[in-house]
Amino acid sequence: MVLLENDSFLTELTRLFQKCRTSGSVAITLKKYDGRTKPVPRKGHPVNYEPADNKCLLRASDGKKKISTVVSLQHHAYSNLLRAHMDGLKKKDKKSKSKKTKATQ
Amino acid sequence: MPYYQTWEEFARAAEQLYLTAPVKVRVVLKYRHCDGNLRIKVTDDAVCLQYKTDQAQDVKKIEKLHGKLMRLMVSKESGAMETD
């Protein structure tokens, strides 16, 4: 699992989406992050980490490559990226046929 | 595992689930361009809510909900003040 900066994460995520256009899926996971850097210790060991309330973990994978980043500010770039790449779905228009030439029903 | 039939129900349930257990809840998006579909799952490992779609109009809704949940996670619990 590669931990990246927010910008590198966006770049790599773009690459993942491009790679998976012909086959495969892109899985993105979002979870609140409390700032732990070590695993939860066994009983008796003190937990010393900085509790953080304003971060979340963003992970992405294409089944083989995994990337992740910690987000502490809302990034508009990320939302735009998602919207831009998830464009292969059917449009509601009944008249025109689906633009996907490769996929067959 | 139940797939919701309407987006409104799913969005409402997902937001509610997050507000009851913010630390446990995770959101998973799975996009397949070759098949032309998108799935979203919101779970706290006890309750699992899922929605799938192949419609372009749903992408915007899903992405908005995703962004909304991200904003909730990134803002301080007590107030809605932006950090930095």
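**Interface, shared sheet and cysteines of a two-chain model**

Between them, chain A and chain B bury about 3400 Å², of which 60% lies on carbon and sulfur atoms. The size of an interface is often expressed in this way, as the accessible area that is lost when the parts come together. On the side of chain A, the residues that lose the most area to chain B are A:L30, A:K32 and A:L89, which together account for 21% of what that side buries. In terms of contacts, 37 residues of chain A meet 37 residues of chain B. The model described here is predicted.

Strands of both chains take part in an open sheet of 7 strands with mixed pairing. The strands follow the order β1(A)-β4(A)-β3(A)-β2(A)-β1(B)-β2(B)-β3(B). The edges are formed by β1 of chain A (residues 2–4) and β3 of chain B; each has a single partner strand, so one side of each is left without a neighbour in the sheet. From one strand to the next, the twist averages 15°. Within chain B, strand β1 (residues 26–32) runs antiparallel to β2(B), and 7 bridges join the two. In one of these strands, β2(B), the residue B:T43 is the bridge partner of B:R26.

Helix α1(B) packs on this sheet, where it touches β2 of chain A as well as β2 and β3 of chain B. The direction of α1(B) makes about 145° with that of β3(B). The helix comprises residues 7–20 of chain B, 14 residues in total, and reaches 20 Å from its first C-alpha to its last, close to the 20 Å expected at 1.5 Å a residue. Its buried residues are B:W7, B:F10, B:A11, B:A13, B:A14, B:L17 and B:Y18. These buried residues pack against β2 of chain A (26–33) and, in chain B, against β2 (37–43), β3 (48–53) and α2 (56–74).

The cysteines were also examined. A disulfide is a covalent bond between the sulfur atoms of two cysteines. Over all chains, the count of disulfides comes to 0. For A:C20, the closest cysteine sulfur is that of B:C34, and the separation of 8.3 Å is too far for a bond, given that a disulfide requires sulfur atoms within 2.5 Å. The relation also holds from the other side, since the cysteine sulfur closest to that of B:C34 belongs to A:C20. Both residues count as buried: A:C20 has a relative accessibility of 6%, and B:C34 has one of 17%.

Technical notes. Residues are numbered from 1 along each chain as its sequence is written. Chains are lettered from A and ligands numbered from 1 in the order in which they are written. This is a predicted model: local features need pLDDT of at least 70, side-chain atom pairs count only at pLDDT 80 or more; totals for chains, interfaces and linings use all residues. Side-chain values use heavy atoms; hydrogens and water are left out. Helices (H or I, at least four residues) and strands (E, at least two) are DSSP runs, numbered from the N terminus. The expected span of a helix is 1.5 Å times one less than its number of residues. Buried means under 20% relative accessible area, exposed over 50%, partly exposed in between (1.4 Å probe, protein chains only). Contact means heavy atoms within 4.5 Å. Two strands pair if DSSP finds at least two bridges between them. Axes are lines fitted to C-alpha atoms, for helices over the stretch in contact, and angles run from 0 to 180 degrees between N-to-C directions. Buried area is the accessible area (1.4 Å probe) that two parts lose on being put together, summed over both.
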